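Student: I have just opened this structure and would like a friendly tour. Could you take me through it step by step?

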Amino acid sequence: FEHLHCFALFLGLETVIGLHGETLEIPCNNGAIKAEDILITKWKYVKGLPGDLLVKQKNQNVSISATDEYKGRVSMAANSSLLLSEAKLTDQRTFTCMVVAGADITEYPVNVVIYKAPSNLEISDKAEEIEIGKRTKLGKCVAQDANPAAEITWLKNNKPLVADGKGIFIKASVLVDPVTGLTTTTSELEYSAEKEDMDAQFTCSTQHAVGAELVSSPVIFTITYSTENIVLQVIAQDPLVEGANMTLKCVADGNPAPTSFNFHIQGEVVKVEDTDSYTITKVSRDTTGEYKCSLIDNPTMEASKDITVKYLDINLNPSGNIVKSAGETLDITLQIDASGESKVSWTKDNLKLDKEPKFTKVTYADSGRYECEVTMGLLSRKASFELVVEGAPVIRQLSKQRGEDGKHEVLICEAEGSPKPSVSWSINGTSLDESPFVNGKITHKIAVVPTANLTVSCTVSNDFGVDTKNISVSSPKKITLFWVHIYLFDMLLAECNNQFT
């Protein structure tokens, strides 16, 4: 084919390219002679002996003279071009158009070339698996029925492979069909795989002179290799604490991967088959240590991991409900047993304390719920106690103040004690207010309108005792007369001062 094309170019012949199986139009004189001047147009070819195809005389129909393979395949267009249907590779020859115009006879030879793209492209005879480092025939790529012969390129992950005589070997061959003359190109790829070729896609392609690029369907080969590395993985909650489950998983990089392993569990060897995992339930602090896994058929290939089970134990003494008498001492002890550094925080009645509570002499204000929280990373433990300080009530202050209307007195009795003391007065009055019982303290107020000077008692009591205090209260009338006497005395004194001056 290439020789024929080059020879035509050497002779300076016009070349026409046709597509296999389609109708080919071969031009005649390309308008060099006017149609009205043409008396006879004749098409012929040379095949051993000259072969006539057709002839047309002026003002007459085309006469077909072909009797061989071109019978029924040739016709002439209005512009005198030869129309050749169902183009074949055997049509690659020189066709000549002879034109008679007046007394001149001119011939126009045209070289015909027939192209055909491959009908399909596929990889066959594929290897079942590839062993790393071993030269293996991956398969062959076949491009059928082409002209000129197809050139095949192998690709890995869409990147062309080039034979290097080391790990890539490519051998191509071309077979010509003796009947059609079309070629079938076969390319074989031998390859020495590496570990990174896992899941690689191999394809082959061809870009013909006509038609779009053809690419085969991708093929992924199974690559086998011996185990080179193993890793011991620990599957467990983070942090790993006592009572949790822990799964050991031995991961090997071989293909096919090993299915049986030895697990070294605290001095004992446990063999597992058809799995790569071993589970330890309800771990404890004693589970802490080094663990290993190894291949059964190669015990020297092993992996290890240090595992620490974290724990945090606290003991608060005393705990629960604690009852103390006011003034007593309370010693609080918090013991911590932890696998790491811990932090302690305290609250009283859900309010944060700045430091650990100390009780040299408990007071009523110390009553409440105390809670400690010990944390170590994400681990935390809590303990609490409820402190109740009890004691006989004591009146801390008994006072009075004038009412806003000037007619009554407000008596105020402030006391401490626990449980909550009850308050009583030795005189009837109107109860104005009783404060909430907080930190063992209570305040009670009454309003009285005394009709004479008298002594009023406030008494507080609970299950542990009684306390009483007295206060003097004057009649409002006597108080008013007293102030009148003071006013008159001041007036008299002022008058005497005026007379003296």
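Student: How many residues lie between β15 and β16 in their hairpin?
Tutor: Keep in mind that this is a predicted model. Strand β15 covers residues 168-176, and β16 covers residues 183-192. In the turn of this hairpin, G181 has a positive phi of about 80°. The count between the two strands is six residues.

Student: In what sense do β15 and β16 pair, and over how many bridges?
Tutor: You can follow one bridge by eye: A172 has S187 in β16 as its partner. Taken together, the two strands pair in the antiparallel sense, over nine bridges.

Student: Which strand gives the most to the largest nonpolar core?
Tutor: That core has 26 residues, and I26, W43, L53, Y70, V74, L82 and F95 have the most contacts inside it. At least two core residues come from each of β2, β3, β4, β6, β7, β8 and β9. The top contributor, with four residues, is β8.

Student: How many residues are in the other core, the one with L138?
Tutor: This core lies apart from the largest one. Among its members are L138, C141, Y191 and A193. Its size is 23 residues.

Student: Which class of residue, nonpolar, polar or charged, has the highest count in the lining of the largest pocket?
Tutor: The largest pocket has a volume of about 290 Å³. Of its 21 lining residues, A35, I38, T41, A78 and S80 are the closest to its centre. By class there are two charged residues, nine polar and 10 nonpolar, so the answer is nonpolar.

Notes: Residues are numbered from 1 along each chain as its sequence is written. This is a predicted model: local features need pLDDT of at least 70, side-chain atom pairs count only at pLDDT 80 or more; totals for chains, interfaces and linings use all residues. Side-chain values use heavy atoms; hydrogens and water are left out. Two strands pair if DSSP finds at least two bridges between them. A nonpolar core is a set of buried Ala, Val, Leu, Ile, Met, Phe, Trp, Tyr and Cys residues joined through side-chain atoms within 4.5 Å. Buried means under 20% relative accessible area, exposed over 50%, partly exposed in between (1.4 Å probe, protein chains only). On a 1 Å grid over the protein atoms alone, a cavity is a set of points where a 1.4 Å probe fits but cannot get out, and a pocket is an open set with protein on both sides within 12 Å along at least five of seven lines; lining residues have an atom within 4 Å of a point. Grid points are joined across faces, edges and corners, and a volume is the space filled by probe spheres set on the points.
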